[in-house]
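Thank you all for coming. I would like to walk through one model with you, beginning at the place where its two chains meet, and I will give the cut-offs as we go.

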Amino acid sequence: MKKIYISILVVFMTMTAVKAQTHFNIGGGYFGQTVSYPGIVIEAEREQMFSKNVSIPIRLDLGFYFHPRYHNGAFLDLNVGFRQYFKSGFFLEEGIGAGVLAYFLNSDAVYQVDDSGLVSEASRANPVDFMPSITLGLGYNLTQDSGKQNLIWLRPKVYWQAPHKTLSTYNFALQVGFTHTIKSK
Amino acid sequence: MKRYFIVLAIAALFMGACEKSEFQTAGDFFHLSHKGADMPIWVKGNFSSDVILITVHGGPGDSGMEQHIAKGFKYLEEDYIMVYWDQRFSGMTQAERDGKTQNPDQYIEDTEKVVQLIQSKYPGKKLFMIGHSWGGQLSAGYLGRDGHFNDFKGWIDLNGSINAVLEVQLMKDYILERVPAEMAEPDADLEFWQFIIDFYEENPVETIGNYSNPEPYWYVAAVEGDVYDYEKYMEEVKIPYTELIFKSMFAMSFYVDAFYSDETYGRWDDLDYTPEIGNITIPALMLWGADDGIVPAEVADYVYENLGTDPSMKEVVKIPECCHGPQHEQPEIFYNEVSSFIETYKNQ
């Protein structure tokens, strides 16, 4: 499955030689870790159209979220994927990402106890984790016939947190937001 | 009109999500950072009490935060300060996967740190410890070493493990005693039950890992030795899934996390804390589901016999019609026994 996926990716990437147009997009939205733990994501995207309906977006996401009594996370990740537009205005997309996640324990305090039993406060911060991810998306283009797209989208995202969590241990997030084309060429 | 409905539905979803739950607001919640693990500790209950009951969860790999869901523990929260904590590589503990720190001795050291932290934050309180299943074994190992028991007024061993080889044998006896009755049922799956008999013929108890080998636990469940009355249990134990998923300290990762692997479970297989319980001399209550097949009730008698405590201060209570989870299955009896034990010994 992975091989097929990579092959398709390579084929599409090479097809950019017959590209039509490039959009430069910015956007942002709600980032809900496990849906309900709130955060914000902002994005900058280069969308390479290689037909009227199909594109390869390369997107840089910067975001953070707050999960009470778990942790607060801040991340930066680069996503590459496909986007398929339909005549109705809807589009589907999927992407894979790689980035970094810094997290800070969210609780009243963090303590450590030394060998003699003395208690002191410890740092909430942890070493930065590698953050691979898979994102799916469903959206709608509000301005289909315009050169400058305005997209609304819903993006479920599954991401990992290595080495602090094993590969079998994923996090889930739901993103809802808006993307606007600032420049096309 | 449809658009307004969608907007309203989304707004309602987010407003509902914003409303905080007990899991996010009640009590004190802090982390203990020790040797690469950030272990959450939740202290809640009756803060005017002079008694702190430190719970030690089972598994290994379960969560202390879930203990709060059990009715029996909720009752205790009315009277005492309860401490729930997640052990290393368990629950919502956040830690780098360092195999070196995943061993029973490290868990005992972690328990020591948790107790020291609790003593520091809540000085002058009378401490009791309750350990369930693996938590019973961990609390036995902790209390029995380095005189730790001296900091406590009493110990409650709730269906706790103690001696791996003994328990594998008792589980086998428990299962094989019940298999003939199962085979005599009119619509019995004879092949399945014979498979269990064959398993024990082919695998001597010395070769069955008490923690790393899951088969005996499946077979115990098949003869209904994990929960006495499953239908009643499902009716009475209301797990607040929506709250747990969307409004708690739990992240999705908890639901897919695991203690790790059979290899790490294997480090628990040969545990025998019989020498440790010989060192313990504080009051102790061995509280058991009489019908438990996971840690059979004979283990309670074994702990009683080997515990260093004077017979006048130790007791075995086996709760009828109850298996591995008295705090869920018989919460009123569980509460009465635990609170009566605490009230008896808190001032001694």
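Strand 6 of chain A (residues 110-113) and strand 1 of chain B are joined by 2 bridges and run parallel, where two strands are said to pair if DSSP finds at least two bridges between them, and where helices (H or I, at least four residues) and strands (E, at least two) are DSSP runs numbered from the N terminus. Before going further, I should say that this is a predicted model, in which local features need pLDDT of at least 70, side-chain atom pairs count only at pLDDT 80 or more, and totals for chains, interfaces and linings use all residues. Residues are numbered from 1 along each chain as its sequence is written, while chains are lettered from A and ligands numbered from 1 in the order in which they are written.

In that pairing between the chains, A:Val110 has B:His31 as its bridge partner, and A:Tyr111 stands opposite B:Leu32. The contact as a whole takes 29 residues from chain A and 30 residues from chain B, with two residues counted as in contact if their C-beta atoms, placed from the backbone, lie within 7 Å. On the side of chain A that touches chain B, the elements giving two or more residues are strand 6 and strand 10 (171-184), and strand 6 gives the most, with 4 residues. That side divides into 13 nonpolar, 13 polar and 3 charged residues, where Ala, Val, Leu, Ile, Met, Phe, Trp, Tyr, Cys and Pro count as nonpolar, Asp, Glu, Lys and Arg as charged, and the others, Gly among them, as polar.

Staying with strand 1 of chain B (residues 28-34), 6 of its 7 residues are buried, meaning that 20 or more other C-beta atoms lie within 10 Å of the residue's own, whereas 12 or fewer would make it exposed and anything in between partly exposed, with C-beta atoms placed from the backbone. Strand 1 is also joined by 7 bridges to strand 2 of chain B (residues 37-45), and these two run antiparallel, with B:Ser33 standing opposite B:Asp38. The two strands form a hairpin with 2 residues between them, and B:Lys35 in the turn has a positive phi of about 45°.

Turning to chain A, which has 1 helix and 10 strands, what does the strand order 1-2-3-4-5-8-9-10 form? The answer is a closed barrel of 8 strands with antiparallel pairing. Within chain A, strand 3 (residues 54-66) and strand 4 (residues 71-85) pair in the antiparallel sense over 11 bridges, and A:Tyr65 has A:Gly73 as its bridge partner there. Of the 185 residues of chain A, 35% count as buried.

Back in chain B, strand 8 (residues 284-289) has 6 of its 6 residues buried: B:Ala284, B:Met286 and B:Trp288 point one way, and B:Leu285, B:Leu287 and B:Gly289 the other way. Strand 8 runs parallel to strand 7 (residues 154-158), to which 4 bridges join it, with B:Ile156 opposite B:Leu285. Strand 8 also runs parallel to strand 9 (residues 314-319), joined by 6 bridges, with B:Ala284 opposite B:Lys314. Strand 8, helix 14 (residues 298-306) and strand 9 of chain B make a right-handed β-α-β unit, in the sense that, with the strands pointing away from the viewer, the path from the first strand over the helix to the second runs clockwise.
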